[in-house]
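Biologist: Please show me the model and its sequence. I should then like to put some questions to you.

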Amino acid sequence: MKIEVLGMGCAKCHTLTERTMEAVAELEITAEIVKVEDMKDIMAYGVMTTPALVIDGIVKVKGKVPSKDEIKSIIRG
């Protein structure tokens, strides 16, 4: 599983990254977590508001920071 956190380095982006790492650890799954900060790469997903959470190439959340439990639910599918 590849999880991408899209954002230019704002506080919300850092919070989303931390919560995502905690969620992955608590679920005890193997996932590659990548921080995407390049605007061209972010725009390639059609995301205009950050932060955003992308799982296996699909934008799941944009423009907000979900709770850790919400992230776990999103990861589980």
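Biologist: What does E37 count as at 41% relative accessibility?

Modeller: This is a predicted model, in which local features need pLDDT of at least 70 and side-chain atom pairs count only at pLDDT 80 or more, whereas totals for chains, interfaces and linings use all residues. Residues are numbered from 1 along each chain as its sequence is written, and side-chain values use heavy atoms, with hydrogens and water left out. Buried means under 20% relative accessible area, exposed means over 50%, and partly exposed lies in between (1.4 Å probe, protein chains only). Since its relative accessibility is 41%, E37 counts as partly exposed.

Biologist: Which residue meets the side chain of E37 in a salt bridge?

Modeller: A salt bridge is a side-chain nitrogen of Lys or Arg within 4 Å of a carboxyl oxygen of Asp or Glu. The partner of E37 is partly exposed because its relative accessibility is 30%. At 3.2 Å, N to O, the side chain of E37 meets that of K35.

Biologist: How many salt bridges does a search of the whole structure find?

Modeller: One of them joins the side chains of K68 and E22 at 3.7 Å, N to O. K68 is in helix α3 and E22 in helix α1, 46 residues apart; helices (H or I, at least four residues) and strands (E, at least two) are DSSP runs, numbered from the N terminus. The whole search gives a count of four.

Biologist: How many residues apart in sequence are the parts that E26 and K68 tie together?

Modeller: The side chains of E26 and K68 meet in a salt bridge of 2.6 Å, N to O. Because E26 lies in helix α1 and K68 in helix α3, the pair ties together parts whose separation in sequence is 42 residues.

Biologist: Which residues are linked with E22 in a network of salt bridges?

Modeller: E22 is partly exposed, because its relative accessible area is 38%. K68, at 25% relative accessibility, also counts as partly exposed. The network links E22 with E26, K68 and K72.

Biologist: Which helix supplies the largest share of the largest nonpolar core?

Modeller: A nonpolar core is a set of buried Ala, Val, Leu, Ile, Met, Phe, Trp, Tyr and Cys residues joined through side-chain atoms within 4.5 Å. The largest core has ten residues, among them I3, V5, L16, A23 and V24. β1, α1, β3 (52-55) and α3 (68-76) each supply at least two of its residues. The largest share, three residues, comes from α1.

Biologist: What is the accessible area of the nonpolar surface patch that includes M8?

Modeller: Patches are made of residues with over 30% relative accessible area and no salt bridge, where like charges are joined within 9 Å and nonpolar side chains (Val, Leu, Ile, Met, Phe, Trp, Tyr) within 5 Å. M8 is in the loop between β1 (2-6) and α1 (11-27), and counts as partly exposed because its relative accessibility is 49%. Areas come from the Shrake-Rupley method with a 1.4 Å probe; for residues, only the protein chains shown count as cover. Together, M8, M39, M43 and M48 have an accessible area of about 440 Å².

Biologist: How many disulfides are counted?

Modeller: C10 is partly exposed at 32% relative accessibility, whereas C13 is buried at 0%. A disulfide is a pair of cysteine sulfur atoms within 2.5 Å. By this rule the count is zero.
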